[in-house]
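Visitor: I'd like a close look at one part of this model: the nonpolar packing. Take me through what touches what, and then through whatever sits around it.

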Amino acid sequence: METTPLLIVDGANVVGSRPDGWWRDRAGAAARLRDALVPVAAAGVPPELPPPLEVVLVVEGAARDVPAVPGVAVVSAPGSGDDTIVALVAAAPERRRAVVTADRELRARVGALGAEVYGPRRLPR
């Protein structure tokens, strides 16, 4: 049984929560978010999620080709990013799972599966 907590980040939602011009370059914004998540794997999300963490960034649309980097896995959603996140949560029922999103419907869906939910502000910028 895997004991490392799983942190799943709703890439489109988190990127969209930051008014930094992301709409001009969605793939670039997703890559910047991915890079900002690298230290989260080692540092955790204090105080709720102590390190180490397995960090998974779910991307979709124009950001689908953003590659993984050491410390952050990237999952390209074949359709809905929300459905992919729910599937990742459902696939690991024995693990502690946390999802970062501000999407109310997604929060309810993953919460019903036992995942913890955090808003985008819990992540480094």
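Guide: Contact here means heavy atoms within 4.5 Å. The model is predicted, so to speak a computed guess: local features need pLDDT of at least 70 and side-chain atom pairs pLDDT 80 or more, while totals for chains, interfaces and linings use all residues. Residues are numbered from 1 along each chain as its sequence is written, and side-chain values use heavy atoms, leaving out hydrogens and water.

Let's start with V55. Neighbours within four places in sequence aside, V55 is in contact with L7, L37, V40, A41, G71, V72 and A73. V55 also belongs to the largest nonpolar core (buried Ala, Val, Leu, Ile, Met, Phe, Trp, Tyr and Cys residues joined through side-chain atoms within 4.5 Å). Buried is under 20% relative accessible area, exposed over 50%, partly exposed in between, with a 1.4 Å probe and protein chains only. That core has 25 residues, and L7, V9, L37, V55 and L57 have the most contacts inside it. Two or more residues each come from β1, α1 (11–16), α2, β2, β3 and β4; these labels are DSSP runs numbered from the N terminus, helices being H or I of at least four residues and strands E of at least two. The top contributor is α2, with 7 residues. A second, separate core of 13 residues includes L6, V89, L106 and A115. In soluble globular proteins, nonpolar side chains tend to be buried together.

V89 leads us to helix α3 (residues 81–90), where G81, D82, T84, I85, V86 and V89 are the buried residues. They pack against β1 (6–10), β2 (54–59), β3 (72–76), β4 (97–100) and α4 (104–112). At the start of α3, a side-chain oxygen of S80 comes within 3.2 Å of the backbone nitrogen of D82.

Just before that helix, A77 sits in the loop between β3 and α3. A77 is buried, because its relative accessible area is 0%. Beyond residues up to four places away in sequence, A77 touches V58, V59, E60, R64 and T84. With R64, the C-alpha to C-alpha distance is 7.2 Å, at a sequence separation of 13 residues.

One last stop is the loop between α2 (26–43) and β2, which holds P47 and also P52. The peptide bond from P46 to P47 is cis, with omega near -5°, and a cis bond joins P51 and P52 too, with omega about -5°. Most peptide bonds are trans.

Key: A polar contact is a pair of N or O atoms within 3.5 Å; within protein, one must be able to donate a hydrogen and the other to accept it, and residues adjacent in sequence count only if both atoms are side-chain atoms.
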